[in-house]
Amino acid sequence: MLIIVADDDALQRRYVSVVMTKLGHQALEASDGAEALALLMQTEAQILVCDLDMPLMNGLRLTQEIRALNLDRYVHIIMITGSEQNEDRKHALDAGVDDFMTKPFDAATLRVRIGAAARLVEHERQMKEKTRILHEAHERIRTDLEAAATAQRRMLPLGVRSIGDYGFAAAFQPSTFVSGDMFGHFTLGPGRIGFYAIDVSGHGIKAALTSVAFGHLVTSEYFATHATDEDGRPDPARLARVLNGRFHKPDDETYLTMFAGVLEEASGDLVFCQAGYPMPMLARPDRTVRLIGEGGFPIGLWEGAEYHNLSLRLQPGERIVLCSDGATEAEDASGTAFGEERLSALIAQETDRRTEDLPARVAAALAEWRDGRPLEDDLTVLALERRPTA
Amino acid sequence: MITTDTHGQGICLVTPNMPRLTAATATAFKDEVVQMIDQGYDKLVIDLAEVSFVDSSGLGALVGLLKRVGTRGEIILCQPADSVMQMFRITRMDRVFRFLPDRAQALDALNAG
């Protein structure tokens with residue numbers, strides 16, 4: 001170990017150095033405080049043996065200077081004092097000296113004191129190494145998660161999209177990098193649009209694995225094939241039944257809630273199946289907002305669950321807003337949930353504003369409600385509008 | 001995490017000692033109740049009076065317990081908060097679980113069954 005020996009008394013300095021060398025350490029000699037300080041900055045030395053009384057810069061000043069440097073390593077300072085210098089020792093402790101040796105001292109004392117300091121230095125090195133390994137592992141995981149988050153976002157139709165007279169816009173915020181939410185909308189065939197939103201139970205990586213698997217499975221072809229009956233009529237309940245069979249596992253409680261709809265572009269007729277997903281809100285140009293749906297079994301939770309279709313006609317200027325439960329369950333500082341009423345009032349207020357901006361504005365209102373507290377659950381807001389007739 | 005009060009004939013009253021049955025607590029809750037089921041208590045009353053919030057993971061844990069007791073056993077839930085009941089309704093789990101107003105009625109029902 002590298003040890004700096006600072007003493008203006010050449011004989012004593014030499015003596016200490018020789019003992020250090022015999023103990024297997026490497027000693028660097030300094031004849032005053034300034035020289036010792038320079039050596040400390042040029043090397044990685046972590047142990048300093050210094051005399052209290054030195055010209056130019058004494059041991060006390062040297063200690064103060066070293067502590068003021070805020071080096072990225074700890075320097076153990078062992079100070080050599082005379083037997084009558086008790087008062088000075090108190091000042092030295094205040095300044096940051098770790099240990100003392102009283103003159104005269106023998107090689108055995110020196111060995112014990114240096115041994116103690118060396119153990120601490122070694123311990124610190126090990127801690128630093130552990131911290132470095134943890135930091136590296138953390139960085140690797142974070143980079144991985146960020147890549148996964150990017151990959152997941154790429155699967156989603158984010159931004160604003162128009163299909164004929166209909167417009168879609170969405171906001172998507174994972175609670176931890178990746179999300180158990182997923183949504184999609186696509187043209188199913190001439191004049192027909194399909195869309196869905198899901199929310200996998202729980203959140204984090206496990207939920208995201210399921211939501212991404214769902215996103216890859218449920219393509220527009222899959223949706224078109226399974227969300228229609230034998231005669232080609234919209235039947236999203238059938239899609240729910242098929243998916244329930246696929247996602248149900250007897251030994252796993254992961255399930256997902258889904259809202260799936262098939263929309264006829266010309267008429268605005270919407271057939272939908274609500275599989276446990278929070279009830280969407282239907283907002284009218286007259287500022288009324290009502291919940292749609294009656295509830296329904298989630299996907300993958302209960303084997304053989306029955307699913308039903310409901311229908312409505314979306315009129316020009318009307319919107320449907322889907323929010324995952326991360327919206328109503330968002331809590332303020334006092335633990336009060338945002339709730340359905342506030343969400344409904346918020347969407348009513350948005351009536352005269354553009355649908356394109358609505359999801360981001362809902363997300364912003366929820367962020368304000370949380371007042372800087374992180375999302376507890378994934379958040380998705382998906383808005384669908386039938387454009388007003390000119 | 002739970003308080004249990006065992007009665008004869010495999011009947012056990014379970015009180016979750018937590019205000020929120022969520023992703024953070026659901027697994028531990030379920031594991032503790034499963035221990036009781038494995039000891040032969042498969043007729044359970046779960047009193048939700050103290051639980052003000054159940055999230056999707058919490059619901060998953062309760063359904064997992066229901067699957068665990070299977071057709072041999074039974075689970076009766078009592079005193080769910082309005083918001084908790086709302087979640088059971090939206091997911092139709094109100095049709096899968098049996099609800100009774102309080103623990104005394106629930107225990108009577110299990111004793112009679």
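**Exercise 1. Determine how strand β1 (residues 2-6) of chain B is joined to strand β2 (residues 11-16) of chain B.**

Solution. The model is a predicted one.

Step 1. The two strands of chain B run antiparallel and are joined by 5 bridges.

Step 2. One bridge can be located by residue: I2(B) has P16(B) in β2(B) as its partner.

Step 3. The connection between β1(B) and β2(B) makes them a hairpin, with 4 residues between them. Within the turn, Q9(B) has a positive phi of about 55°.

**Exercise 2. Describe the overall form of chain A, beginning with the number of its helices and strands.**

Solution.

Step 1. Chain A contains 11 helices and 16 strands.

Step 2. Its radius of gyration is 35 Å, whereas the globule rule gives 21 Å for 390 residues; chain A is therefore more spread out than a compact globule.

Step 3. The C-alpha trace of chain A spans about 105 × 45 × 30 Å along its principal axes.

Step 4. Burial and contacts complete the description. Of the 390 residues of chain A, 50% count as buried. Among contacts in chain A with a separation of 6 or more, 67% come from residues 24 or more positions apart.

Step 5. The accessible surface of chain A is about 18,300 Å², and carbon and sulfur atoms contribute 53% of that area.

**Exercise 3. Establish the strand order of the open sheet of 5 strands in chain A, and explain why one side of β8(A) and of β14(A) is left without a neighbour in the sheet.**

Solution.

Step 1. The order is β8-β9-β10-β11-β14 in chain A, and the pairing is antiparallel.

Step 2. β8 (181-189) and β14 (310-313) of chain A each have a single partner strand because they stand at the edges, so one side of each lacks a neighbour in the sheet.

Step 3. From one strand to the next, the twist averages 15°.

Step 4. At one edge, β8(A) pairs with β9 (residues 192-200) of chain A in the antiparallel sense over 8 bridges. In this pairing G184(A) stands opposite Y196(A) of β9(A).

Step 5. Helix α8 (residues 236-247) of chain A packs on the sheet and touches β10 (256-264) and β11 (269-275) of chain A. The directions of α8(A) and β10(A) make an angle of about 150°.

**Exercise 4. Decide whether strand β15 (residues 319-323) of chain A is enclosed or open, and identify strands that pair with it.**

Solution.

Step 1. Of the 5 residues of β15(A), 5 are buried, so the strand is largely enclosed by the rest of the structure.

Step 2. In a regular strand, side chains alternate between the two faces of the sheet. In β15(A), R319(A), V321(A) and C323(A) point one way, while I320(A) and L322(A) point the other way. The residues of both groups are buried.

Step 3. Strand β12 (residues 281-283) of chain A runs antiparallel to β15(A) and is joined to it by 3 bridges. Here M281(A) stands opposite V321(A).

Step 4. Strand β16 (residues 379-386) of chain A also runs antiparallel to β15(A), with 5 bridges between them. Here I320(A) stands opposite L384(A).

**Exercise 5. Characterise the surroundings of T380(A), which is found in strand β16 of chain A.**

Solution.

Step 1. The relative accessible area of T380(A) is 1%, which is under the 20% limit, so the residue is buried.

Step 2. The side chains of T380(A) and D181(A) are joined by a polar contact of 2.9 Å.

Step 3. Apart from residues up to four places away in sequence, T380(A) touches A171(A), F172(A), D181(A), F183(A), L322(A), C323(A) and S324(A). Among these, L322(A) and C323(A) belong to β15(A).

**Exercise 6. Classify two loop residues of chain A, T351(A) and H25(A), as buried or exposed, and list their contacts.**

Solution.

Step 1. T351(A) is found in the loop between α10 (339-349) and α11 (358-370) of chain A. With a relative accessible area of 15%, T351(A) is buried.

Step 2. A polar atom of the T351(A) side chain lies 2.4 Å from the backbone oxygen of A348(A). Leaving aside neighbours within four places in sequence, T351(A) is in contact with R284(A), P285(A), R287(A) and R319(A).

Step 3. H25(A) is placed in the loop between α1 (10-22) and β2 (26-30) of chain A. Its relative accessibility of 16% also counts as buried.

Step 4. The backbone nitrogen of M1(A) lies 3.3 Å from a polar atom of the H25(A) side chain. Leaving aside neighbours within four places in sequence, H25(A) is in contact with M1(A), I3(A), M20(A) and I114(A).

How values were computed. Residues are numbered from 1 along each chain as its sequence is written. Chains are lettered from A and ligands numbered from 1 in the order in which they are written. This is a predicted model: local features need pLDDT of at least 70, side-chain atom pairs count only at pLDDT 80 or more; totals for chains, interfaces and linings use all residues. Side-chain values use heavy atoms; hydrogens and water are left out. Two strands pair if DSSP finds at least two bridges between them. Axes are lines fitted to C-alpha atoms, for helices over the stretch in contact, and angles run from 0 to 180 degrees between N-to-C directions. Contact means heavy atoms within 4.5 Å. Buried means under 20% relative accessible area, exposed over 50%, partly exposed in between (1.4 Å probe, protein chains only). A polar contact is a pair of N or O atoms within 3.5 Å; within protein, one must be able to donate a hydrogen and the other to accept it, and residues adjacent in sequence count only if both atoms are side-chain atoms. The radius of gyration is taken over C-alpha atoms; the globule rule is 2.2 Å times the number of residues to the power 0.38. Accessible areas come from the Shrake-Rupley method with a 1.4 Å probe; for residues, only the protein chains shown count as cover.
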